[in-house]
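Hi,

Here is the structure I promised you. Have a look at it first, then read my notes below.

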Amino acid sequence: MSASHDELDSRAQATTAQVVRWRRHLHQHPELSNREVHTAALIADELTSLGLDEVRRGVAGYGVVGVLRGGLPGDRVIALRADIDALPVPDLCGVPFASHVVDQNYPGGPFPVSHACGHDCHTAMLLGAATVLAGMREKLPGTVLFVFQPAEEGPPVGEKGGAREMLAEGALDDPEPTMAFGFHVTPYPKGYIGYRVGNQFGASCLIKIGITGQQVHGSTPWMGIDPLPAAGAILTGIGQIYRQVSAFDPVTVSIGHVEDVGRFNIIGQSVTLWGTIRCSVEADMGEVQQRVRTLAENSAQAYNCSATVEFLQDVPAVHNEQAWMDAALPTFRRVAGDERVVPTGATLGYDDVSEFVNKYGGLYVTLGVQDAELNAEGMPVPVAGGRGLFMNHNPHFYADDDTLVTGVRLHAQVAYDHLTGVIVPK
Ligand SMILES: [Zn+2]
Ligand SMILES: [Zn+2]
């Protein structure tokens with residue numbers, strides 16, 4: 001551990017109160033994907049006040065990219081990424097700064113809005129890291145990009161957005177990163193860093209199945225075509241698709257929303273099913289999509305209906321290479337402590353940080369933020385007297401303020417170690 005590492009940590013410690021303030025403000029004022037107007041303005045204003053070399057606003061909607069050029073010669077460029085959007089989930093996490101926001105105008109809404117995925121923490125922690133690194137710019141050999149990404153949770157259907165759109169707009173073309181890094185807060189013991197070599201998160205896509213029949217009065221179904229039995233057959237069939245793919249590489253297909261335009265005495269013209277496919281192995285995605293399509297089209301036909309099947313918002317798997325992980329583990333252990341850096345299982349969640357990590361190389365890990373401990377099997381369990389364990393996207397999901405500084409240190413130390421040639425695949 002060098003003097004610079006010490007300085008990074010002490011500067012991170014000094015940001016604690018401000019990072020908590022940012023986090024609480026963002027938590028209380030969450031904004032849904034592609035509507036992060038005030039969140040982006042706060043980020044851009046703070047980055048500007050830090051005196052960064054460049055602050056790019058309005059990237060792919062409400063994305064912000066801050067550019068910090070170090071004072072020492074160096075070709076490496078680290079992209080630190082935080083996602084900034086919230087979810088259409090009520091806030092039941094029980095803190096005084098809970099959200100009471102309702103978005104009246106969002107497509108499909110109105111929705112209660114909350115940071116049930118913890119992106120308020122990601123945003124505040126990356127602002128903290130920007131404060132730390134800007135304060136040490138004369139000692140940095142290379143460039144840091146602070147990438148604040150909108151619409152990680154997926155933009156409304158029909159809108160573009162997220163990581164892929166940021167790349168398409170060339171937001172990271174100059175200078176191009178030599179490493180991308182990010183992490184996600186999780187229901188894991190506070191201050192623990194979880195890592196996985198291979199696929200950390202699965203490949204994902206959104207399914208939209210439109211089934212069309214012929215509208216008719218509910219008393220005379222034979223005079224029309226009822227699309228609901230076809231929808232039921234598709235729903236049942238989808239529950240079997242995982243059995244057609246190797247059980248050693250998990251796949252899930254779920255329909256979460258059924259949209260019907262009928263009424264109790266009107267058989268509607270159409271039904272729309274919305275769902276998601278998750279594959280632990282990316283190569284399975286094409287086959288699963290084909291099976292969903294075949295199932296939907298043929299089930300619809302069996303009930304005299306027609307079906308259209310669309311796969312939208314595909315997100316590639318988040319893949320961590322062994323060589324990158326080997327290079328970074330000593331840094332993770334220095335930040336969290338040896339015993340708090342633990343390998344974790346794969347999940348079928350998704351994160352479009354994969355667009356950055358796949359393109360530039362780098363890593364994505366998890367950071368525990370809840371009152372938990374690991375049991376003998378290494379699984380997180382609640383601690384007595386704590387607030388319990390709640391998954392991301394649950395209305396009760398919470399993240400304790402006292403882990404925020406660990407996230408600031410993690411970003412800053414990884415950035416410094418990449419720029420100085422410590423975290424590079426060998
Ligand atoms: Zn999420
Ligand atoms: Zn998230």
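Let's start with a question: is Glu153 buried or exposed? Glu153 is buried, at a relative accessible area of 16%, while His393 is partly exposed at 37%. (Buried means under 20% relative accessible area, exposed over 50%, and partly exposed in between, with a 1.4 Å probe and protein chains only.)

Before going on, some housekeeping. This is a predicted model, where local features need pLDDT of at least 70 and side-chain atom pairs count only at pLDDT 80 or more, while totals for chains, interfaces and linings use all residues. Residues are numbered from 1 along each chain as its sequence is written, chains are lettered from A and ligands numbered from 1 in the order in which they are written, and side-chain values use heavy atoms, leaving out hydrogens and water.

Now the metal. The zinc ion (ligand 1) has as protein donors Cys117 (SG), Glu153 (OE), Glu153 (OE) and His393 (NE2), at 2.0 to 2.8 Å. Donors are N, O and S atoms within 2.8 Å of the metal (3.2 Å for Na, K and Ca); water is not among the atoms, so sites may look incomplete. Why is the arrangement irregular? Because the four donor atoms subtend angles of 51 to 150°, and four donors count as tetrahedral only if all angles lie between 85 and 135 degrees, or as square planar if opposite donors are over 155 degrees apart and all others between 65 and 115 (six donors meeting that rule are octahedral); anything else is irregular. Cys117 also coordinates the zinc ion (ligand 2), which is 3.0 Å from the zinc ion (ligand 1).

Cheers
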